[in-house]
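Q: Hey, got a minute to walk me through this one? I'd like to go over the pockets and then the strands.
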Amino acid sequence: MKLASFSHGGRASYGIVKDGGIVDLGKLIGAQYPDLKALLTAGPALLNQLRAQTSTIPIDEVTFLPVIPNPDKIFCAGLNYRSHVEETGRTASEKPVIFLRLAASQVGHGQPMICPAISDQFDYEGELAIVIGKPGRHISRDNALDHIAGYSCYNDGSLRDWQRHTSQWTPGKNFAATGAFGPWLVTADEIPDPTVLSLATRLNGQTVQSATVDLLIFSIPELIEYVSVWSELIPGDVIVTGTPGGVGFKRNPPLLMKAGDTVEVEISNIGTLSNPIELERN
């Protein structure tokens, strides 16, 4: 099942993507479950009951929002593909490198990613995102996949100059509308083994990143195990698993995003996240 958050007719909602349209679950059950994060707390049984709904809004009439517009937490793994570690000249760490993103730094599929006027070093990072569906603390890697509601595409857009101001990456990862999340979540029952997924990032149609998820240094279960030791995971939390080699600022010459570009992140069995690049307007 594909689940998306969207706006339609000036109203934010969420629903099931099927047959070129979206079943508006916000209209059906929004009084009890006002958004997709709230729906995930109900567990898969309710979702299975909703599968048969057929009344849809044409998909070209909606504006996609980030899959989870209001996550409690967004954890991002850095330097989690060996090809990316090598191109940065670093060495792999003994523990996962984790930083946080803010919800306001994200946009949905089809919406512009905004290059701040203060920087000309706006870089792409195609990644697989996982969305938590079952809460937990101290989750073992053996049980970690049971806590996943589904998977989506992510572009961890980065302002490289601001990222490198200090050893802390937060400023370069949190400018407004610099990350993208979508177009939808594919539920975990459709992807029993995420290691078989392949990822490709394209800038203006040129493939700039390509990898398979089995190449992660710290696997998805390891990331869940590690993060859940120090932070309770709740439905709607997002873990962005890392980007492979091929980022723009390490190319010669650098290949960075600019106004007028289009960037795509495609993951097999999920879909394609596509965003135009626009310059910040004062």
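A: Sure. A quick term to begin with: a pocket here is an open set of grid points where a 1.4 Å probe fits, with protein on both sides within 12 Å along at least five of seven lines. Also keep in mind that this is a predicted model.

Q: Okay, so what's the volume of the second largest pocket?
A: About 240 Å³ for the second largest pocket.

Q: Which residues are closest to its centre?
A: Arg90, Arg160, Gln163, Trp169 and Phe249, out of 18 residues that line the second largest pocket.

Q: Which helices and strands supply at least two residues of that lining?
A: There's strand 6 (74-78), plus helix 4 (82-88) and helix 5 (160-163); each gives at least two residues to the second largest pocket.

Q: And how does that lining split by class?
A: You get seven charged, six polar and five nonpolar residues around the second largest pocket.

Q: Now the largest pocket. What's its volume?
A: The largest pocket comes out at about 360 Å³. Its lining is made up of 19 residues, and those nearest the centre are Gly43, Pro44, Ile148, Ala149 and Ala188.

Q: Which elements give two or more residues there?
A: Helix 3 (44-50), strand 12 (148-155) and strand 14 (179-187). Helix 3 has the largest share of that lining, with three residues.

Q: How many nonpolar residues are in it?
A: The lining of the largest pocket has 10 nonpolar residues, along with five polar and four charged ones.

Q: Which domains does the largest pocket draw on?
A: At least three lining residues come from domain 1 (2-63), and at least three from domain 2 (74-279).

Q: What does UniProt list for this chain?
A: An unreviewed entry has "domain: Rv2993c-like N-terminal" over residues 1-66. The UniProt record also gives "domain: Fumarylacetoacetase-like C-terminal" for residues 73-277, again from an unreviewed entry.

Q: How much helix and strand is in each span?
A: Residues 1-66 are 26% helix and 36% strand, with the end C-alpha atoms 17 Å apart. Residues 73-277 are 11% helix and 35% strand, and there the end C-alpha atoms lie 25 Å apart.

Q: Switching to sheets. What's the strand order in the open sheet of five strands?
A: That open sheet runs 9-19-18-15-16, with mixed pairing. Strand 9 (113-115) and strand 16 (206-212) are the edge strands, each pairing on one side only. On average, neighbouring strands in this sheet are turned by 20° against each other, direction ignored.

Q: Remind me, what holds strands of a sheet together as pairs?
A: Backbone hydrogen bonds, with the strands running either parallel or antiparallel.

Q: Are strand 18 and strand 19 parallel or antiparallel?
A: Antiparallel: strand 18 (residues 262-267) and strand 19 (residues 271-279) pair over six bridges.

Q: What stands opposite Val265 in strand 19?
A: Leu273 does.

Q: Backbone oddities next. Where are the cis peptide bonds?
A: One joins Gly182 and Pro183, with omega about 0°. Pro183 sits in strand 14, an element that also gives two or more residues to the lining of the largest pocket. Another cis bond joins Asn252 and Pro253, and omega is about 0° there too. Pro253 is in the loop between strand 17 (238-240) and strand 18.

Q: And what's the story with phi at Asp19?
A: Asp19 isn't a glycine, yet it has a positive phi of about 50°. Its place is the loop between strand 2 (11-18) and strand 3 (21-24).

Definitions and conventions: Residues numbered from 1 in each chain as written. Predicted model: local features only at pLDDT ≥ 70, side-chain atom pairs only at ≥ 80, totals over all residues. Heavy atoms only, no water. Pairing = 2+ DSSP bridges. Helix = DSSP H or I, 4+ residues; strand = E, 2+ residues; numbered from the N terminus. Axes fitted to C-alpha atoms, helices over the stretch in contact; angles between N-to-C directions. UniProt positions renumbered as here; feature names shortened; annotations may be inferred. 1 Å grid on protein atoms, 1.4 Å probe; cavity = no way out; pocket = protein on both sides within 12 Å on 5 of 7 lines; lining within 4 Å. Points joined across faces, edges and corners; volume = space filled by probe spheres on them. Nonpolar A, V, L, I, M, F, W, Y, C, P; charged D, E, K, R; others polar. Domains from an automatic or database assignment.
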